[in-house]
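This report covers a protein–DNA model and is meant to be read alongside the coordinates. It takes up strand pairing, the DNA-facing surface and the nonpolar cores.

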2 protein chains.
Amino acid sequence: MKTIEIDEELYQFIAGQTKHIGENASSILRRLLKIDQPTLAKQNITAQKESHYTPFNDLLTSDTFTNEKSIINRFILLLSALYNYNPALFAIAATSLHGSKRQYLAKDKQLLETSGKNTKPREIIGTPYWVISNTNTARKQYIIESIMSDMGISETMINQVTNAFLP
Amino acid sequence: MKTIEIDEELYQFIAGQTKHIGENASSILRRLLKIDQPTLAKQNITAQKESHYTPFNDLLTSDTFTNEKSIINRFILLLSALYNYNPALFAIAATSLHGSKRQYLAKDKQLLETSGKNTKPREIIGTPYWVISNTNTARKQYIIESIMSDMGISETMINQVTNAFLP
DNA sequence: GACGAGATCGCAGGGATAGTTT
DNA sequence: CCAAACTATCCCTGCGATCTCG
C-alpha cells in the first residue's frame with residue numbers, strides 16, 4: 001500500500017463516488033480511471049463515432065478547407081480553428097513557440113516584424129493573433145504540429161491534421 | 001490536505017502520468033478525472049506553505065520552461081531563477097566557480113571572453129550576469145548543480161532541477 | 001513595404017567529441 | 001604513464017530570408 005496526498009476538494013469528490021459502503025480508494029479510482037483509459041482499439045472507435053475534436057473534424061471536412069488549395073490559407077484556417085478550440089491553451093502554446101531569432105506567433109503584428117528581417121506577418125482571422133508567413137511548408141507544418149502538441153491534442157488527431165494540411 | 005491509501009500498482013500508474021517534474025498527485029488525478037484544477041490563488045497559498053523553493057517549482061512547471069526544447073535556453077532560465085532566488089548567494093557561488101582556465105560566470109562579458117579562447121558568453125536575462133556557453137551538456141549540468149549546491153539548496157531540489165534540465 | 005508563396009541555400013549556433021592539460 | 005578534468009575545434013542541424021517562379 002502506498003500513501004498519496006490530495007487536496008480536500010478532490011478527496012470529497014472521490015469519496016462521493018463510492019459505490020458501496022467501505023469501498024476503498026483504490027477500488028473507486030480504478031473504476032473511475034478505467035472509464036478514462038479505454039483500450040487503444042476502443043479509443044479509435046470512439047474517436048470515429050464522436051470525437052471531442054469536433055471543430056477540427058468539421059473544418060477538415062468543410063468545403064472551405066478542402067477546396068482551399070493554397071498552403072497559406074489552410075495554414076491560417078487551421079490556426080484559427082486551434083485558437084477557437086481553446087483560446088487559453090492556444091495562447092500558452094503560441095507564446096512559447098519561436099525559432100532562434102523569430103517569434104512565430106503573437107497578438108502584436110509589430111512584434112513579429114521586429115523579430116526578423118522579413119517575416120511577412122499574417123492575421124489569423126477570427127483571432128487576435130498574427131503568424132509569421134515567410135517560411136517554407138515544412139516549417140508551417142512544424143508550427144501546426146508544435147502548437148497542437150503543446151495544447152495536448154492527441155497524436156492521432158495531429159496526424160490527421162497533418163495529412164489534411166499537406167498538398 | 002488529505003491522505004489516501006492506494007495499492008502499489010495503481011500508485012505506479014498514477015506516477016507514470018506525470019506531465020512535468022514536481023506535479024503533485026492532486027494535479028495528475030484532476031487531469032485524469034477531467035476535473036477542473038483549483039484556482040491559481042488556492043494553489044499558490046498551498047505552494048508557499050509547502051516549499052520555500054517556490055521560484056524553482058514555479059519555473060519548472062511553467063510553460064515557458066517545459067515547452068522550451070533547447071538546452072541552452074533552459075540553462076539560462078535556470079540560472080536566472082537561481083539569481084533571482086537569492087542574488088547575494090548567487091554572487092558568491094558564481095564568482096567562485098571556474099574551470100582550470102575559464103571563468104564560468106561573471107557580471108562582465110569581457111572577463112569571460114578573455115578567460116578562454118572561444119567561450120561564447122551569453123547574457124543571463126533578468127540578471128547582471130553572463131555565462132560561458134561553449135560547453136557540452138554535461139558541463140552545463142555541472143554548472144547548475146555546482147551553483148545550487150554552493151547556494152545551499154537541498155539535494156532533493158537539485159535532483160528535481162537536474163531531471164527537468166536534461167532532455 | 002507592397003505581388004505572393006514558399007523552395008532553396010547559406011549561415012549561425014549548439015554542443016558532441018577529439019584533443020589538451022592537470 | 002594513465003586517468004580525470006577541462007577546453008575549444010569543428011561538424012551538423014536548424015533556421016532565416018533571399019530569390020525564383022507562378
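## Sheet, DNA surface and cores

Strand 3 of chain B is joined by 2 bridges to strand 4 of chain B (residues 130-131), and the two run antiparallel. The model is a predicted one. Within this pair, Arg122(B) has Val131(B) in strand 4 of chain B as its bridge partner. The open sheet to which they belong has 3 strands of chain B in the order 2-4-3, with antiparallel pairing. Strand 2 (105-106) and strand 3 (122-123) of chain B are the edge strands, each pairing on one side only. Strands of a sheet pair through backbone hydrogen bonds, in either a parallel or an antiparallel manner.

Turning to the DNA, strand C is surrounded by 19 residues, the closest being Ile71(A), Glu113(A), Arg122(A), Thr137(A) and Asn136(B). Of the atoms of DNA strand C that come within 4 Å of the protein, 49% belong to sugar and phosphate. By type, the residues of the surface near DNA strand C comprise 4 nonpolar, 8 polar and 7 charged. Both chains contribute elements: helix 6 (71-85), helix 8 (109-114) and helix 9 (137-150) of chain A, and helix 6 (71-85) and helix 9 (137-150) of chain B, each supply at least two residues of that surface.

The table gives distances from an N or O atom in the side chain to an oxygen of DNA strand C.

| Side chain | Oxygen of DNA strand C | Distance |
|---|---|---|
| Glu113(A) | base oxygen | 2.5 Å |
| Arg122(A) | phosphate oxygen | 2.9 Å |
| Asn134(B) | base oxygen | 3.3 Å |

Away from the DNA contacts, the nonpolar cores remain to be described. The largest nonpolar core has 35 residues, and those with the most contacts inside it are Leu79(B), Leu82(B), Phe90(B), Leu105(B), Ile147(B) and Ile153(B). Two or more residues of this core come from each of helix 4 (54-61), helix 6, helix 7 (87-95), helix 9 and helix 10 (155-165) of chain B. The most is given by helix 6 of chain B, with 9 residues. Leaving aside residues up to four places away in sequence, Phe90(B) touches Leu79(B), Leu82(B), Tyr83(B), Leu105(B), Ile124(B), Tyr129(B), Ile147(B) and Met151(B). A second, separate core has 34 residues, among them Leu82(A), Ala93(A), Tyr129(A) and Phe165(A). In soluble globular proteins, nonpolar side chains tend to be buried together.

Notes
Residues numbered from 1 in each chain as written. Chains lettered and ligands numbered in written order. Predicted model: local features only at pLDDT ≥ 70, side-chain atom pairs only at ≥ 80, totals over all residues. Heavy atoms only, no water. Near = heavy atom within 4 Å. Polar contact = N/O pair within 3.5 Å; in protein donor to acceptor, adjacent residues only side chain to side chain. Helix = DSSP H or I, 4+ residues; strand = E, 2+ residues; numbered from the N terminus. Nonpolar A, V, L, I, M, F, W, Y, C, P; charged D, E, K, R; others polar. Core = buried A, V, L, I, M, F, W, Y, C linked by side-chain atoms within 4.5 Å. Buried < 20%, exposed > 50% of the residue type's maximum accessible area, 1.4 Å probe, protein only. Contact = heavy atoms within 4.5 Å. Pairing = 2+ DSSP bridges.
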